[in-house]
Amino acid sequence: MNIVFMGTGTSHGVPVIGCDCRVCKSTDPKNNRTRCSCLVQVLGGNLVIDTPPEFRVQALRENLRRIDAVLFTHAHADHIFGLDDVRPFNELSGKSIHCYGNTQTLGILRQTFSYVFSPTQAGGGKPKLELVEVNGPFEAAGARIVPIPVWHGRVPVLGYRIGSFAYVTDCSRIPEESMRLLEGLHTLVLGVIRHEPHETHMNVEDGLSVVERLRPGKTFFTHITHRLDHETTNAALPDGVQLAYDGLQWDLV
Ligand SMILES: [Zn+2]
Ligand SMILES: [Zn+2]
Ligand SMILES: [Zn+2]
């Protein structure tokens with residue numbers, strides 16, 4: 001299994017429009033963060049977690065040619081607004097793409113992308129999608145996927161576990177039952193936005209307490225704001241924990 005961090009930025013992206021802070025003005029490419037998405041390459045194909053506004057740019061950068069399924073964590077704009085850009089993948093495969101999510105997420109996708117799910121004039125290009133509601137473990141691209149229900153403030157969000165890899169972003173609280181689903185991980189990706197507390201996201205301290213409890217082999221923080229400089233933050237994080245960055249690839253043996 002191979003993981004590619006397509007995007008690692010919080011909802012504004014980094015740099016933030018109109019901001020002159022040190023991180024936004026940094027020349028370190030690792031401080032340049034497009035909105036969050038993750039490509040998980042399994043034996044049976046490619047799974048993409050979320051389709052953010054820069055999805056097209058990310059897919060071009062990574063030379064992505066195939067998507068077998070999209071796993072949606074939730075339907076905030078920064079996680080779904082690139083969905084229309086899966087059209088070339090429909091054309092390449094000749095197939096529709098299964099999109100997985102919880103009831104709330106699929107409801108918002110139907111509303112936000114209503115043109116996809118209603119008849120429109122012939123000739124207009126629309127993505128071919130099949131929405132699949134997640135109510136428990138399921139299989140996509142031959143991989144068994146375990147949904148991990150977590151809370152993003154009051155919004156129910158799904159993390160996903162595939163083998164010994166788990167991806168949990170936009171989360172302020174992981175219920176006890178879900179903590180148990182995250183035991184014995186080789187690699188954990190966790191949404192951690194900054195040092196200061198936040199109502200709907202974990203900060204660095206929250207993230208480290210999850211790591212302390214679960215003790216995954218390796219942890220990457222993602223969904224990062226301009227408040228965290230890549231190099232200085234990484235230097236201060238404990239062994240086995242680091243900030244992800246756009247384009248980072250990680251092999252799970
Ligand atoms: Zn987000
Ligand atoms: Zn800034
Ligand atoms: Zn969100």
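## Starting with a strand pair

In what sense do β4 and strand β5 pair, and over how many bridges? The two strands run parallel, and three bridges link them. One of the residue pairs is A69 with H98, the latter sitting in β5. Keep in mind throughout that this is a predicted model.

## The seven-stranded sheet

That pair belongs to an open sheet of seven strands, and the order across it is β6-β5-β4-β3-β2-β1-β14. The pairing is mixed. At the edges you'll find β6 (129-133) and β14 (249-251); each has a single partner strand, so one side of each is left without a neighbour in the sheet. If you ignore direction, neighbouring strands are turned by 20 degrees against each other on average.

Helix α4 (residues 103-112) packs on this sheet and touches β5 and β6. Its direction makes about 155 degrees with that of β6.

## Zinc ion (ligand 1)

Now for the metals. The zinc ion (ligand 1) takes its protein donors from D78 (OD), H79 (NE2), D170 (OD) and H223 (NE2), at 2.1 to 2.2 Å. Along the chain, these donors follow the spacing D-H-x90-D-x52-H. The angles subtended by the four donor atoms run from 93 to 163 degrees, which makes the arrangement irregular. To count as tetrahedral, four donors would need all their angles between 85 and 135 degrees. For reference, the ideal angle for four tetrahedral donors is 109.5 degrees.

Two of the histidines come from quite separate stretches of sequence: H79 lies in helix α2 (residues 77-80), while H223 is in the loop between β12 (218-222) and α7 (230-236), so the pair ties together parts that are 144 residues apart in sequence. Both are hidden from solvent: H79 is buried with a relative accessible area of 0%, and H223 counts as buried at 1%.

## Zinc ion (ligand 3)

The zinc ion (ligand 3) has H74 (NE2), H76 (ND1), H152 (NE2) and D170 (OD) as its protein donors, lying 2.2 to 2.3 Å away. Here the sequence spacing reads H-x1-H-x75-H-x17-D. This site is irregular too, with angles of 90 to 176 degrees among the four donor atoms.

H76 is in the loop between β4 (69-71) and α2, and H152 is in strand β8 (residues 143-152), so this pair ties together parts that are 76 residues apart in sequence. Their surroundings contrast: H76 counts as partly exposed at 33% relative accessibility, whereas H152 is buried at 4%.

## D170, the shared ligand

Which residue coordinates both zinc ions, ligand 3 and ligand 1? That would be D170, which bridges the two ions across a separation of 3.4 Å. D170 is found in the loop between β10 (165-168) and α5 (176-181). It is buried, with a relative accessible area of 1%.

The backbone of D170 also deserves a look: its phi is positive, about 50 degrees, although the residue is not a glycine.

## The parallel strands around β11

The loop holding D170 leads into another piece of architecture. β10, α5 and β11 make a right-handed β-α-β unit, and the two strands run parallel with four bridges between them. One bridge pairs A166 with L188 of β11.

A second right-handed β-α-β unit follows, made of β11, helix α6 (residues 204-214) and β12. β11 and β12 are parallel as well, with five bridges joining them; L188 turns up again here, with T219 of β12 as its bridge partner. How covered is strand β11 (residues 187-191)? Five of its five residues are buried. Both faces are covered, with T187, V189 and G191 on one side and L188 and L190 on the other.

## Backbone oddities

If you're checking torsions, two more spots are worth listing. The V14 to P15 peptide bond is cis, with omega near 5 degrees, and P15 lies in the loop between β1 (2-7) and β2 (37-42).

N63 is the other: it has a positive phi of about 50 degrees without being a glycine. N63 sits in the loop between α1 (55-61) and β4 and counts as partly exposed, with 49% relative accessibility.

Methods:
Residues numbered from 1 in each chain as written. Chains lettered and ligands numbered in written order. Predicted model: local features only at pLDDT ≥ 70, side-chain atom pairs only at ≥ 80, totals over all residues. Heavy atoms only, no water. Donors = N, O, S within 2.8 Å, 3.2 Å for Na, K, Ca; no water. Tetrahedral: all angles 85-135°; square planar, octahedral: opposite > 155°, others 65-115°. Buried < 20%, exposed > 50% of the residue type's maximum accessible area, 1.4 Å probe, protein only. Pairing = 2+ DSSP bridges. Axes fitted to C-alpha atoms, helices over the stretch in contact; angles between N-to-C directions. Contact = heavy atoms within 4.5 Å. Right-handed = clockwise from strand over helix to strand, strands pointing away.
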